[in-house]
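Biologist: Hey, can you walk me through this one? I'd like to start with the loops and then look at the ligand.

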Amino acid sequence: MIDPFGRLVSYLRVSVTDRCDFRCVYCMSENMTFLPKKDLLTLEELERLCAIFVRLGVKKLRITGGEPLVRRNIMSLFGGLGAMLDGDGLEELTLTTNGSMLSKYADDLAAAGVRRVNISLDTLDPGKFLEITRWGRFDRVMEGLTAAEQAGLKVKINAVAMKGVNDDELVDMVAWSHERGHDITFIEVMPMGEVGEHTRLDQYLPLSQVRRNLAARYTLSDIPLDTGGPARYVQAAETGGRIGFITPLTHNFCESCNRVRLTCTGMLYMCLGQDDAVDLRAVLRASTSDDAVIEAIHAAIAAKPKGHDFIIDRKNHGPAVSRHMSVTGG
Ligand code: SAM
Ligand code: SF4
């Protein structure tokens with residue numbers, strides 16, 4: 001799959017549910033209305049679609065949400081996708097999770113062929129954790145992290161940097177992650193979906209500033225680790241660990257973008273920051289043959305936009321795209 005700008009699409013992110021057991025302030029409002037179950041693709045439909053994408057050249061699948069591990073029977077999907085790892089063209093199966101269910105599922109994930117997992121954690125302070133996630137339990141996430149480590153999964157920590165919330169802790173979080181042997185990536189708040197009383201302008205903290213603070217404690221050197229995504233990486237000489245910066249509000253990564261995103265209702269988004277999407281659910285359900293689905297995917301890739309339209313400033317602090325991150329998957 002090659003788009004009109006010559007970019008090879010080899011990475012599919014799949015949101016398997018819009019539901020979650022947390023209500024992070026930057027992601028959801030406290031009283032979210034979730035999609036009716038009938039609108040969701042079944043796990044079998046998700047597996048069929050992923051298999052088609054793998055046939056079309058997808059090498060990396062990331063399962064996300066909402067919280068992917070709250071979907072009932074989710075391990076059956078991981079089992080099916082894991083079976084595509086050897087020989088069927090799929091090279092990597094991974095997930096992004098809030099960690100709350102990892103103590104239950106880490107071993108099963110490893111058995112299914114998952115080797116790496118991204119765990120989202122914005123603070124090491126249990127009180128602050130409750131404020132940010134509203135419903136999350138810090139101790140459960142720590143147990144989940146330990147379970148992932150014990151299952152042999154390579155962990156990366158993802159932290160959203162928020163002004164006045166966790167900015168005073170980010171340097172310590174690097175030390176903590178690297179001590180445990182994990183890379184850490186910081187993310188700028190993105191303007192996606194209404195989230196209630198919090199405005200993004202209050203939360204927005206440019207990562208250039210985070211990097212300056214980190215440079216006061218660590219000797220940082222750029223490392224050329226091109227993931228085809230919006231992350232740029234540095235290495236801290238003192239720990240040997242890596243620190244990533246995801247700055248979605250800049251455009252410096254769109255030229256090398258290698259990914260598309262599938263929602264739990266079968267909408268294929270060609271860009272996280274644009275509203276263009278193609279409905280694959282209807283074509284998928286219309287026939288047991290995959291031909292029409294393949295045609296729809298090719299048409300979608302042919303319309304992948306050049307870049308996104310995110311902007312947060314004093315005039316634009318509402319959402320740039322109306323859907324929540326939990327729908328498209330982070
Ligand atoms: N529930 C899982 C989790 O939290 O890891 C997976 C889905 S979550 C939507 C994926 C990532 O998106 C998380 O790291 C989360 O912190 C991030 N995220 C959610 N809303 C965001 C926003 N508005 N701006 C930046 N990052 C956001
Ligand atoms: Fe749930 Fe993840 Fe969104 Fe937090 S960021 S509310 S854990 S989907």
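Biologist: Where does asparagine 73 sit?

Modeller: Asparagine 73 is in the loop between β2 (60-64) and α2 (74-82). Keep in mind that this is a predicted model.

Biologist: What's the phi of asparagine 73 like?

Modeller: Asparagine 73 has a positive phi, about 65°, although it isn't a glycine. Most residues other than glycine have a negative phi.

Biologist: Okay, and is asparagine 73 buried or exposed?

Modeller: Exposed, because its relative accessible area is 54% and the cut-off for exposed is over 50%.

Biologist: Now arginine 134. What is its phi?

Modeller: Arginine 134 has a positive phi too, about 60°, and it isn't a glycine either. You'll find arginine 134 in the loop between α4 (126-133) and α5 (138-150).

Biologist: Why does arginine 134 count as buried?

Modeller: Its relative accessible area is 15%, and buried means under 20%, so arginine 134 makes the cut.

Biologist: Switching to the ligand. How many residues surround ligand 1?

Modeller: There are 19 around ligand 1, and the closest are Tyr26, Gly66, Glu67, Ser120 and Met190. By type, the shell around ligand 1 splits into 7 nonpolar, 9 polar and 3 charged residues.

Biologist: Which atom of ligand 1 is 3.0 Å from glycine 66?

Modeller: That's a nitrogen atom of ligand 1, and its partner is a polar backbone atom of glycine 66. There's also a nitrogen atom of ligand 1 that lies 3.2 Å from a polar side-chain atom of glutamate 67. With threonine 97, an oxygen atom of ligand 1 is 3.2 Å from a backbone N or O atom.

Biologist: And how much of ligand 1 does the protein bury?

Modeller: The protein buries 96% of the 550 Å² that ligand 1 exposes when taken alone.

Biologist: Which elements give two or more residues to the shell around ligand 1?

Modeller: Those are β3 (92-97) and β5 (154-160).

Biologist: Speaking of β5, what about glutamate 169 in the loop after it?

Modeller: Glutamate 169 is in the loop between β5 and α6 (170-179). Its relative accessibility is 11%, so glutamate 169 counts as buried.

Biologist: Which residues is glutamate 169 in contact with, leaving aside its neighbours in sequence?

Modeller: If you skip the neighbours within four places in sequence, glutamate 169 is in contact with Thr123, Leu124, Asp125 and Lys128.

Methods. Residues are numbered from 1 along each chain as its sequence is written. Chains are lettered from A and ligands numbered from 1 in the order in which they are written. This is a predicted model: local features need pLDDT of at least 70, side-chain atom pairs count only at pLDDT 80 or more; totals for chains, interfaces and linings use all residues. Side-chain values use heavy atoms; hydrogens and water are left out. Helices (H or I, at least four residues) and strands (E, at least two) are DSSP runs, numbered from the N terminus. Buried means under 20% relative accessible area, exposed over 50%, partly exposed in between (1.4 Å probe, protein chains only). A residue is near a molecule or strand if one of its heavy atoms lies within 4 Å of it. A polar contact is a pair of N or O atoms within 3.5 Å; within protein, one must be able to donate a hydrogen and the other to accept it, and residues adjacent in sequence count only if both atoms are side-chain atoms. Accessible areas come from the Shrake-Rupley method with a 1.4 Å probe; for residues, only the protein chains shown count as cover. Ala, Val, Leu, Ile, Met, Phe, Trp, Tyr, Cys and Pro count as nonpolar, Asp, Glu, Lys and Arg as charged, and the others, Gly among them, as polar. Contact means heavy atoms within 4.5 Å.
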